[in-house]
Amino acid sequence: MIDSELEGEHSAASSVSALPFVLPLVLYLAIGMLEPRFDQGHSPGLASTSSTDTAQTIDSPTATSSVQSQRYVALSLFKFFVVGACLIYFFPSYRRCFPVAINGWGWGAGVLGVVVWVGICSLAWEPKIFAAIGIDLGGTGNRSQFNPFEKIDSSPAQVAFLLARFGLLVLVVPLAEEIFLRGFLMRIIQSGNWTQVSLRDLGWPALLSGSVYGLLTHPNEALAAVAWFSLVSWLMVRTNKFWNCVLAHAVTNGSLGLYVISFRQWQLW
């Protein structure tokens, strides 16, 4: 067999083995792009998702808001079940790659993480910093700011949404994001033969990629994201346990969700 054929087979094998680590997060982000926004400052009669939506004419602002809310709830449920099913399907691969093991460090980092996130976000430094360097984020990275108690009239629908939302926060997002970051991205930055890379062997470029990912995916919460993702990378180095990172992510997200509901801080939702 000639060298080019060997390289082709190696490339194909790498792409197949990457699928369980990449696909769940891709699905999550793709479905999220379809969700409407409920940003403060938007007129309740205007859709904030796409030109197709804004071109649609609905007689009353209330009707528009109701349609948008129903769409948001439906997509949240759809995202939970689709991405969740994908993670369940690939879970044996994750266990083979990272044997399940956690300890108290994961819990502690998760609690500290929510304090760091809420504390830094409350300072709201990002708009000033980006404005000072001439960057206008506009609506980039804005959260939906969806208030289920205001936007959903039916109590059963509220319960269904909240269950799906917390399922995403505590179960789906932590595993999908961490398996992509620490299972794939960091390791492939470390070496092209990434499936053979141990978490204890990651160098600074690979470790910093987690913080860069946080910055790019949370531009309006950039400082909090860099601090939080750096904290979890430190946890990974400190304990050499992948599932500690998932646990910390779940504890932070779940605590943040409770904080958002308790104090009506929908901008963090």
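Phe263 has a relative accessibility of 54% and therefore counts as exposed, where exposed denotes over 50% relative accessible area, buried under 20% and partly exposed the range in between, as computed with a 1.4 Å probe on protein chains only. The structure is a predicted model, in which local features require pLDDT of at least 70 and side-chain atom pairs count only at pLDDT 80 or more, whereas totals for chains, interfaces and linings use all residues. Residues are numbered from 1 along each chain as its sequence is written, and side-chain values rest on heavy atoms, with hydrogens and water left out.

Phe263 and Tyr259 both belong to helix 10, 4 residues apart, or about one turn of the helix; helices here are DSSP runs of H or I with at least four residues, numbered from the N terminus. Tyr259, at 25% relative accessibility, counts as partly exposed. The ring centres of Tyr259 and Phe263 are 5.1 Å apart and the planes stand at 40°, so the pair is classed as tilted, given that rings of Phe, Tyr and Trp (its six-membered ring) pair if their centres lie within 6.5 Å, with planes under 30 degrees apart counted as stacked, over 60 as edge-to-face and the rest as tilted.

Helix 10 comprises 22 residues (residues 242-263), for which a span of 32 Å is expected at 1.5 Å a residue, in agreement with the 32 Å between its end C-alpha atoms; the expected span is 1.5 Å times one less than the number of residues. Of the 22 residues of helix 10, 17 are buried, so the helix is largely enclosed by the rest of the structure. Helix 10 is followed by Arg264, which has a positive phi near 55°.

Across the whole structure, 21 aromatic pairs are found. In one of them, the rings of Phe242 and Trp243 have centres 5.1 Å apart and planes at 80°, so this pair is edge-to-face. Phe242 and Trp243 are both buried, and both belong to one aromatic cluster whose members include Phe21, Tyr94, Phe180, Trp194 and Trp228.

Helix 7 (residues 155-190) has 36 residues, which at 1.5 Å a residue should span 52 Å, and the 49 Å between its end C-alpha atoms agrees with this value. Helix 7 nevertheless bends by about 45° at Leu168, the bend being the angle between axes fitted to the seven residues ending there and the seven starting there.

The structure holds 0 disulfides, a disulfide being a pair of cysteine sulfur atoms within 2.5 Å. Cys86 is buried, with a relative accessible area of 9%, and Cys121 likewise counts as buried at 16% relative accessibility.

Definitions and conventions: Helices (H or I, at least four residues) and strands (E, at least two) are DSSP runs, numbered from the N terminus.
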